[in-house]
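Biologist: I'd like a close look at one part of this model, with the numbers attached. Could you walk me through it in one go?

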Amino acid sequence: PRAAPSRWPFSRVCSASLLTCTITEDGLFEFGHMDSFADADEKVVLTKLLNRLRELPGHQVVTLAGLSHDCPILRLGAAVHEIVLPQQLVHNARDRGRFRHLDLAVEMKSSGVYAHLSEIAVRLGLPVKFGGSAGRVPILVEQQRWNRLSEIAESDTIATCMVLASYLRIHGALVSATAAH
């Protein structure tokens with residue numbers, strides 16, 4: 001069931017998506033592979049997601065509000081099911097001085113106020129919520145519509161990736177965010 005915001009420990013992982021991408025030496029954005037997992041069994045979803053992250057030891061995880069929302073839920077679920085976290089989800093883990101997790105919400109907060117993915121995407125002129133609203137998750141879980149759950153997670157993952165392209169461009173890591181979008 002959808003938990004009240006202050007009751008996040010009762011949230012369970014029912015879907016997750018992961019999109020790999022790389023930046024070439026020429027500053028071009030290359031998409032890799034989209035992995036999506038959805039199931040009534042939280043342990044199944046967590047095991048698949050965390051195993052996939054373990055297969056990508058050199059990759060940095062990028063989220064939007066992941067440090068304050070996604071990571072605590074993933075970590076608590078991993079604790080419940082006794083699953084060891086991949087390095088990308090270990091709190092403050094670094095690789096050669098670089099954090100293993102980049103939270104774009106932290107990078108873009110203003111005066112201590114965080115913005116939603118939809119707000120940032122609208123400001124950048126990017127599509128958002130094209131897979132559906134997270135508010136539908138409890139209903140879709142009840143109806144066991146796992147493909148629809150995956151679509152919601154995938155659309156948020158794609159939108160986050162597009163925000164990442166804009167972030168990388170302003171830091172000089174990409175030739176063009178527009179081309180990446």
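Which residues are linked in a network of salt bridges? Start there, please, and follow the trail outwards as far as you like.

Modeller: Happy to. Keep in mind that this is a predicted model, so everything below is computed from predicted coordinates.

The network you're after is made of D35, R52 and E55. Take the D35 link to begin with: D35 and R52 form a salt bridge, and their closest N and O atoms sit 2.7 Å apart. D35 belongs to strand β2 while R52 belongs to helix α1, residues 42–54, so this pair ties together parts that are 17 residues apart in sequence. As for cover, D35 has a relative accessible area of 13%, so it goes down as buried, the cut-off being under 20%. R52 comes out at 18%, which means R52 is buried too.

R52 also has E55 as a partner: here the closest N and O atoms are 3.1 Å apart. E55 is in another setting, because its relative accessible area is 54% and that counts as exposed. So the network takes in buried D35, buried R52 and exposed E55. The general idea is simple enough: side chains of opposite charge can pair when their charged atoms come close.

Now for the strand that holds D35. Strand β2 covers residues 29–38 and runs antiparallel to strand β1, residues 15–23, with eight bridges joining the two. Together β1 and β2 make a hairpin with five residues between them. At the turn end, I23 has F29 in β2 as its bridge partner. Within the turn itself, G27 has a positive phi of about 80°.

Along β1, S17 is a handy residue to stop at, since D35 is among its contacts. S17 is in strand β1, and at 16% relative accessible area S17 counts as buried. What does its side chain do? It makes a polar contact of 2.9 Å with the side chain of S36. A polar atom of that S17 side chain also lies 3.3 Å from the backbone nitrogen of E154. If you set aside neighbours within four places in sequence, S17 touches M34, D35 and S36, plus S150, A153, E154 and T157. That second group is worth following, because helix α6 spans residues 146–170 and D156 sits in that helix.

Before going there, a look at the helix on the other side of the D35 pair. V45 is placed in helix α1, and with a relative accessible area of just 1%, V45 is buried. V45 and S15 are 30 residues apart in sequence, yet their C-alpha atoms are 6.5 Å apart in space. Sequence neighbours within four places aside, V45 is in contact with V13, C14, S15 and A16, and also with F37, A38 and D39. S15 falls in the range of β1, and F37 and A38 fall in the range of β2, so you can trace the helix α1 residue V45 against residues of both strands.

Back to helix α6. D156 and K129 meet through their side chains in a salt bridge, 3.2 Å from N to O. D156 is in helix α6 and K129 is in the loop between α4 (117–124) and α5 (137–142), so this pair ties together parts that are 27 residues apart in sequence. D156 is at 19% relative accessibility and therefore counts as buried. K129 is at 35%, so K129 counts as partly exposed. Over the whole structure, the search finds four salt bridges.

Since you'll probably check the backbone angles, here are two residues to look at beyond the turn glycine. A65 has a positive phi of about 80° although it isn't a glycine. A65 sits in the loop between β3 (61–63) and α2 (66–81), and at 23% relative accessibility it is partly exposed. N92 is another residue other than glycine with a positive phi, in this case near 60°. Its place is the loop between α2 and β4 (94–95).

Helix α2 also has a share in the surface. W8, L76 and V80 form a nonpolar patch there, with about 260 Å² of accessible area together. L76 lies in helix α2 and is partly exposed, at 33% relative accessibility.

Methods:
Residues are numbered from 1 along each chain as its sequence is written. This is a predicted model: local features need pLDDT of at least 70, side-chain atom pairs count only at pLDDT 80 or more; totals for chains, interfaces and linings use all residues. Side-chain values use heavy atoms; hydrogens and water are left out. Two strands pair if DSSP finds at least two bridges between them. Helices (H or I, at least four residues) and strands (E, at least two) are DSSP runs, numbered from the N terminus. Buried means under 20% relative accessible area, exposed over 50%, partly exposed in between (1.4 Å probe, protein chains only). A polar contact is a pair of N or O atoms within 3.5 Å; within protein, one must be able to donate a hydrogen and the other to accept it, and residues adjacent in sequence count only if both atoms are side-chain atoms. Contact means heavy atoms within 4.5 Å. Patches are made of residues with over 30% relative accessible area and no salt bridge: like charges are joined within 9 Å, nonpolar side chains (Val, Leu, Ile, Met, Phe, Trp, Tyr) within 5 Å. Accessible areas come from the Shrake-Rupley method with a 1.4 Å probe; for residues, only the protein chains shown count as cover.
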